[in-house]
Amino acid sequence: MKILVIGTGAREHAIIHSLHRETASGAAAHELHAAPGNPGIAALATLHKVDPLDGAAVAALAEQVGAELVVVGPEAPLVAGVADSVRAAGIPVFGPSGEAAQLEGSKSFAKEVMAAAGVPTAMAHVCTDATEVAAALDAFGAPYVVKDDGLAAGKGVVVTDDREAALAHGEACLANENGRVVVEEYLDGPEVSLFCVSDGVTVVPLVPAQDFKRVGNDDEGPNTGGMGAYSPLDWAPSGLVDEVLTRVAQPTVEEMARRGTPFSGVLYVGLALTSRGTRVVEFNARFGDPETQSVLARLVTPLSEVMLAAARGRLGELEALRWRPEASVTVVVASEGYPELARSGDPITGIEDAEALPGVHVLHAGTGRAEAGDLVSAGGRVLSVVALGADLADARRRAYEGVAKIGLKGSQHRTDIALRAERGDVTVP
């Protein structure tokens with residue numbers, strides 16, 4: 001197929017990498033395009049300088065290259081309605097409409113849908129001024145959970161025992177365009193990410209993963225877009241995926257259809273396995289980053305088949321997904337100063353050395369080219385080093401051997417990705 005992928009990050013590189021890998025099984029090669037892409041994606045796809053938020057421009061590009069499938073990766077273009085423009089041009093698109101993407105674009109809307117669908121989630125107050133935020137904080141008590149109602153690239157959430165810090169975050173969120181804050185009860189227990197692919201009617205779950213949001217080891221420091229992930233989760237309850245499909249994903253998709261805004265694409269279900277049962281922490285309307293890097297590394301079923309079936313409303317005809325038995329660990333290499341003030345423009349070396357290691361591949365996120373053509377950092381999260389191994393211990397070892405090959409001045413990464421799971425220290429209350 002001719003496939004156009006919209007986005008610039010490691011998630012989009014992971015998608016392109018999976019599509020390119022399909023050729024290894026003897027299938028005909030796809031003609032891959034990306035807009036705007038990144039230097040890593042450029043090795044596998046033709047790049048196009050198109051604003052990913054401009055639906056008309058994306059649709060025109062899709063027509064120009066003869067795309068038979070368009071994949072909209074990031075949340076901002078989805079919420080902006082880019083998928084609608086592509087659908088209006090008659091081209092199959094993997095990604096929800098702008099209205100359906102409000103499941104991520106507005107946390108208060110997501111709570112409303114969850115309530116209507118009977119989805120178990122945290123109790124919450126939607127606040128529109130500082131007085132309401134303060135009252136909600138006092139009602140729930142510490143630890144305080146304060147979320148920007150709108151998109152915040154994974155960094156709009158503060159979880160803290162410090163009431164002043166929680167209130168300050170709430171006030172900062174109120175100053176944003178939408179001017180709303182969601183204050184929630186704190187959910188105990190480990191978190192799980194589960195991607196559920198939907199065509200608006202049928203829902204097909206992928207395998208669970210766990211990511212690491214805090215910038216530092218032992219979950220210290222501020223929230224980030226994600227510092228690493230792994231799959232599978234041997235410690236998760238055996239019936240978890242079926243439970244989430246039955247109690248969360250399918251009812252949500254049915255509720256969205258009832259509202260006249262069918263959800264087609266990836267429903268990212270963020271979960272907490274609490275002492276009171278499974279609870280939804282959040283919905284996203286796209287693949288999560290960095291979980292996608294680990295999940296897609298294990299997928300055997302051609303990703304193109306899954307996405308095209310969803311785009312065409314034919315998921316029900318898809319055979320059961322097939323998965324590699326190996327474990328996958330992803331470690332994010334971030335710039336100095338991330339997430340507060342990330343450095344850019346520093347040379348990057350060692351990617352080829354890392355990829356020469358067995359089971360290791362490197363995905364680009366915040367990378368660019370200097371005037372002389374050298375690869376340099378161009379963002380906070382710069383690279384994702386992904387490794388497959390016989391088990392978690394093997395995958396962790398390989399991933400960190402890959403990270404050790406990367407040269408980037410002042411770079412930082414967590415050294416404990418999947419460590420507690422490897423040791424058997426993750427427990428469900």
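**Group meeting: a walk from α11 to the cores and pockets**

Hi everyone, let's start with helix α11, residues 303-311, which is mostly covered: seven of its nine residues are buried. By buried I mean under 20% relative accessible area, with exposed being over 50% and partly exposed in between, using a 1.4 Å probe and protein chains only. Helices here are DSSP runs of H or I of at least four residues, strands are runs of E of at least two, and both are numbered from the N terminus. The buried residues of α11 are L303, S304, V306, M307, L308, A309 and A310. After α11 comes G313, with a positive phi near 75°.

A quick word on what we're looking at. This is a predicted model, so local features need pLDDT of at least 70 and side-chain atom pairs count only at pLDDT 80 or more, while totals for chains, interfaces and linings use all residues. Residues are numbered from 1 along each chain as its sequence is written, and side-chain values use heavy atoms, with hydrogens and water left out.

Now over to strand β18, residues 327-334. How many of its residues are buried? Eight of eight, in fact. Both faces are covered: A327, V329, V331 and V333 are buried on one side, and S328, T330, V332 and A334 on the other.

And the partners of β18? I call two strands paired if DSSP finds at least two bridges between them. Strand β15, residues 228-231, pairs with β18 in the antiparallel sense over four bridges, and there S231 stands opposite S328. Strand β23, residues 381-389, also runs antiparallel to β18, joined by eight bridges. Within β23, V386 is the bridge partner of T330.

Stay with V329 for a moment, please. Setting aside neighbours within four places in sequence, V329 is in contact (heavy atoms within 4.5 Å) with several residues, including Y230, V385, L392, I417 and A418.

That takes us to the cores. In soluble globular proteins, nonpolar side chains tend to be buried together. For our purposes, a nonpolar core is a set of buried Ala, Val, Leu, Ile, Met, Phe, Trp, Tyr and Cys residues joined through side-chain atoms within 4.5 Å. The largest one has 75 residues, and those with the most contacts inside it are V70, L103, Y230, W235, V269, F283 and V329. Helix α9, residues 240-258, gives the most to this core, with six residues. Apart from it lies another core, of 39 residues, with A10, L32, I41 and L69 among them.

Next, some backbone details to find on your screens. Right where β15 ends, the peptide bond from S231 to P232 is cis, with omega near 5°, and P232 lies in the loop between β15 and α9. There is also a cis bond from A142 to P143, with omega near -10°; P143 belongs to the loop between α7 (130-140) and β7 (144-148).

Two residues other than glycine have positive phi. A418, the contact of V329 I mentioned, has phi near 65° and sits in the loop between β24 (407-408) and α14 (419-423). Is A418 buried or exposed? A418 counts as buried, at 1% relative accessibility. D219 has phi of about 55°, in the loop between β13 (214-216) and β14 (220-223), and D219 is partly exposed, with a relative accessible area of 44%.

Last stop: empty space. On a 1 Å grid over the protein atoms alone, a cavity is a set of points where a 1.4 Å probe fits but cannot get out, a pocket is an open set with protein on both sides within 12 Å along at least five of seven lines, and lining residues have an atom within 4 Å of a point. Grid points are joined across faces, edges and corners, and a volume is the space filled by probe spheres set on the points.

The second largest pocket holds about 240 Å³. Of its 13 lining residues, the closest to the centre are G40, A43, I351, E355 and H364. Helix α12 (351-355) is one of the elements giving two or more residues to that lining, and its three residues are the largest share.

There is one cavity of 30 Å³ or more; the largest cavity has a volume of about 60 Å³. Of the 13 residues lining it, V72, G73, F94, R286 and F287 are the closest to its centre. The elements giving two or more residues to this lining are α1 and β4 (69-72).

Thanks, everyone!
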